[in-house]
Amino acid sequence: MLTAKIPPSSPTQVICVEHLEYAYNKQAPSFVLPKWQIEKGQRIFLHGPSGAGKTTLLNLLAGILVPQQGTIHLLDKPFSTCRDSQRDKLRAQHIGVVFQQFNLIAHLSVLDNIRLAAYFAKQGKQADEHAFDLLHKLQLPDYIASQPASSLSIGQQQRVAIARALINAPELLLVDEPTSALDANARDAFMSLLLNLCEAHNTTVIFVSHDPQLASYFSQKVALQELVTIKEPNHVV
């Protein structure tokens, strides 16, 4: 008797952190996170004062920084313990990042900035079609695709940064203080566009900010101080 094969289920846990510890150098305090799990589809507002370590945590979750101790799993796969090249590949394929300063390449066109993210994730020719679709959804005109990133307003750069982060349909989107240069109206428009796109694709979001006014957009709010502790270095006399 033949039995039908059941396809493997997709991971429900996007990020799992255990016993993580990181310090920028031996003289610096250590950033310690004992345990944190992020489930698929969660949209988390991670808040805390400036300088508390929010960006450090995002860089660890993105694999830009590597913890000295502990592990990070991405979609049930080892992430923090991978070789650099493998970690870069996993990041490109599964994680989108919107940086505080956007990090667009000024002399490249909008389309080429987005294409780069698709290239690193080994996406094919459909990337251009997807890029234009994202630009439309972000209410940017077609002609802007050929404009150099340096010619854009802050609000336009922000939307291009979202398109670049979402071009590979990542399971996880990490967003770092992207509204600090915007007025209230532009900030609210940005938040609506971002979260509507993430809702449409069931993208898990960790949104970092020290602005309490943005908390109302999220059902789950996490204070960084509840997650991490800071351990002072041992100074040998």
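Where does P49 sit in this structure? Select it and you land in the loop between β3 and α1, with α1 covering residues 54-61. Before you go on, keep in mind that this is a predicted model.

**Stop 1: P49**

Show P49 with its surface. It comes out as partly exposed, at 44% relative accessibility. Now display what touches it. Once you leave aside the neighbours within four places in sequence, P49 is in contact with K54 and Q225. Then add D211 to your selection and draw a distance between the two C-alpha atoms. P49 and D211 are 162 residues apart along the chain, yet their C-alpha atoms are separated by 8.9 Å.

**Stop 2: the aromatic rings**

Next, colour the aromatic side chains. How many aromatic pairs does a search of the whole structure find? The count is four, and this stop visits two of the pairs, starting with F45 and F207. Their ring centres are 6.3 Å apart and their planes meet at 25°; an angle under 30 degrees counts as stacked, so that is the label for this pair. The two rings come from distant parts of the chain: F45 belongs to strand β3 (residues 43-47), F207 to strand β8 (residues 204-209), and the two positions lie 162 residues apart in numbering.

Are these two rings buried or exposed? F45 is buried at 1% relative accessibility, and F207 is buried too, with a relative accessible area of 0%.

Keep F207 selected and add F218. Here the ring centres are 5.3 Å apart and the planes are at 40°, so this pair is tilted. It also links distant parts of the chain: F207 is in strand β8, while F218 is eleven residues away, in the loop between β8 and β9 (220-223). F218 counts as buried, at 4% relative accessibility.

Put the three side chains on screen together: F45, F207 and F218 form one aromatic cluster.

**Stop 3: S30**

Last, jump to S30, which you will find in strand β2 (residues 30-39). Is S30 buried or exposed? Its relative accessible area is 11%, and the cut-off for buried is under 20%, so S30 counts as buried.

Which residues are in contact with S30, leaving aside its neighbours within four places in sequence? Select E21, Y22 and A23, then add T229, I230 and K231, and you have the list.

Definitions and conventions: Residues are numbered from 1 along each chain as its sequence is written. This is a predicted model: local features need pLDDT of at least 70, side-chain atom pairs count only at pLDDT 80 or more; totals for chains, interfaces and linings use all residues. Side-chain values use heavy atoms; hydrogens and water are left out. Helices (H or I, at least four residues) and strands (E, at least two) are DSSP runs, numbered from the N terminus. Buried means under 20% relative accessible area, exposed over 50%, partly exposed in between (1.4 Å probe, protein chains only). Contact means heavy atoms within 4.5 Å. Rings of Phe, Tyr and Trp (its six-membered ring) pair if their centres lie within 6.5 Å; planes under 30 degrees apart count as stacked, over 60 as edge-to-face and the rest as tilted.
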